[in-house]
Amino acid sequence: STTKVTYIGHNSAITSLALNYDSFYFVSSSCDGSVRLWCVRSGTCLAVFKAHIKSVWKVTLAPKGYYFASGGADGLLFLWATNKATPLKKFASHSSEVSCLKFSKNMIYLLSASYDKSIIVWNIDEATETRKFYTEFVVLALEINEVGEILIAGDSEGFVTVWNVDRAYRLNAIDFTLGNPSGSIVRGIDLSFDESVLTVYGQNK
């Protein structure tokens with residue numbers, strides 16, 4: 001039988017969730033301006049993280065280690081360790097709310113997108129911009145290949161755009177609307193382990 005677990009702690013709407021790679025814990029972000037760390041099995045809130053001055057829209061866990069990143073309505077990003085109450089690093093460059101976050105698999109880069117219609121590739125160790133891309137629409141989903149050479153972005157108008165990171169050059173743009181007259185929104189992008197298959201998912205407007 002399945003046991004129902006209730007997770008109680010946030011005092012406003014929950015905006016995103018991210019499950020750890022070993023499925024022992026997850027993190028949640030909220031309009032209350034906090035990120036919480038939860039035990040999956042018990043429902044216990046293990047820690048509360050606060051640094052944003054407005055709602056936290058996105059949270060994402062690193063592919064290895066005990067790190068995560070948060071992005072908020074204040075346009076800021078923070079890098080955290082699950083065992084520290086204060087952020088390890090602050091990333092500040094966006095002029096509007098953060099719409100998407102993604103770690104590279106090699107943990108060298110952190111990607112962020114914003115309602116200012118830009119994508120930034122950050123060097124995590126130095127907390128500096130490596131590349132900045134400007135987009136026609138707001139990007140809501142990001143993916144990057146293993147070596148950090150190819151960046152893939154899905155946007156609010158149903159397009160998936162492929163970029164060469166080193167050259168800051170757009171390689172391709174794919175219309176995900178597939179003829180839907182009302183349009184579509186790309187909500188997620190996943191690159192397969194061998195990088196041969198790209199899965200795109202979203203919703204109709």
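This is a short tutorial dialogue on reading the features of one predicted protein model.

User: Where do I start? How many helices and strands does the protein have?

Analyst: Welcome! Start with the secondary structure, then look at the overall form. This model, which is predicted, has 18 strands and 0 helices. Its radius of gyration is 17 Å, close to the 17 Å that the globule rule gives for 205 residues, so the protein is as compact as a globular protein of that length. Along the principal axes, the C-alpha trace spans about 45 × 45 × 35 Å.

User: What share of the residues is buried?

Analyst: Buried residues make up 47% of the 205 residues. Looking from the outside, the protein exposes about 10,400 Å², and 51% of that is supplied by carbon and sulfur atoms.

User: What can I learn from contacts and charges?

Analyst: For contacts, ask how far along the chain the partners sit. Among contacts between residues at least 6 apart in sequence, 38% join residues at least 24 apart. For charges, compare the mean positions of the two signs. Here there are 19 positive and 19 negative charges, and their mean positions are 7 Å apart.

User: How many disulfides does the structure hold, and how do I check a cysteine?

Analyst: The structure holds 0 disulfides. To check a cysteine, look for another cysteine sulfur within 2.5 Å. For Cys31, the nearest cysteine sulfur is that of Cys45, 17 Å away, and Cys31 is in no disulfide. Cys31 is also partly exposed, at a relative accessible area of 28%. Now try Cys39: its closest cysteine sulfur, again in Cys45, is 11 Å away, which is too far for a bond.

User: I have heard that phi is worth a look. What is the sign of phi in most residues other than glycine?

Analyst: Most residues other than glycine have a negative phi. Two residues here have a positive phi although neither is a glycine: Met107, at about 65 degrees, and Ala127, at about 55 degrees. Met107 sits in the loop between β9 (98–103) and β10 (109–114). The loop that holds Ala127 runs between β11 (118–123) and β12 (128–134).

User: Are those two buried or partly exposed?

Analyst: The cut-off helps here: buried means under 20% relative accessible area. Met107 has 19%, so it counts as buried. Ala127 has 22%, so it counts as partly exposed.

User: Which loop holds Lys84, and which holds Asp194?

Analyst: Lys84 lies between β7 (76–81) and β8 (89–92), and Asp194 lies between β17 (184–191) and β18 (198–204). Exposed means over 50% relative accessible area. With 55%, Asp194 is exposed, while Lys84 is partly exposed at 43%.

User: How do I compare separation in sequence with separation in space?

Analyst: Take a pair of residues and look at both values. Asp194 and Leu61 are 133 residues apart in sequence, and their C-alpha atoms are 21 Å apart. For Lys84 and Ile150, 66 residues apart along the chain, the C-alpha separation is 32 Å.

User: Could we finish inside a strand? Where does Gly154 lie, and what does it contact?

Analyst: Gly154 is in strand β14, residues 150–155. It is buried, with a relative accessible area of 0%. Leaving aside neighbours within four places in sequence, its contacts include Val138, Leu140, Phe159, Val186 and Ile189. From Gly154 to Arg41, 113 residues apart along the chain, the C-alpha distance is 33 Å.

How values were computed:
Residues numbered from 1 in each chain as written. Predicted model: local features only at pLDDT ≥ 70, side-chain atom pairs only at ≥ 80, totals over all residues. Heavy atoms only, no water. Helix = DSSP H or I, 4+ residues; strand = E, 2+ residues; numbered from the N terminus. Rg over C-alpha atoms; globule rule 2.2 N^0.38 Å. Buried < 20%, exposed > 50% of the residue type's maximum accessible area, 1.4 Å probe, protein only. Contact = heavy atoms within 4.5 Å. Areas by Shrake-Rupley, 256 points an atom, 1.4 Å probe, with all protein chains shown as cover. Lys, Arg positive; Asp, Glu negative; His and termini not counted. Charge placed at Lys NZ, Arg CZ, Asp CG, Glu CD.
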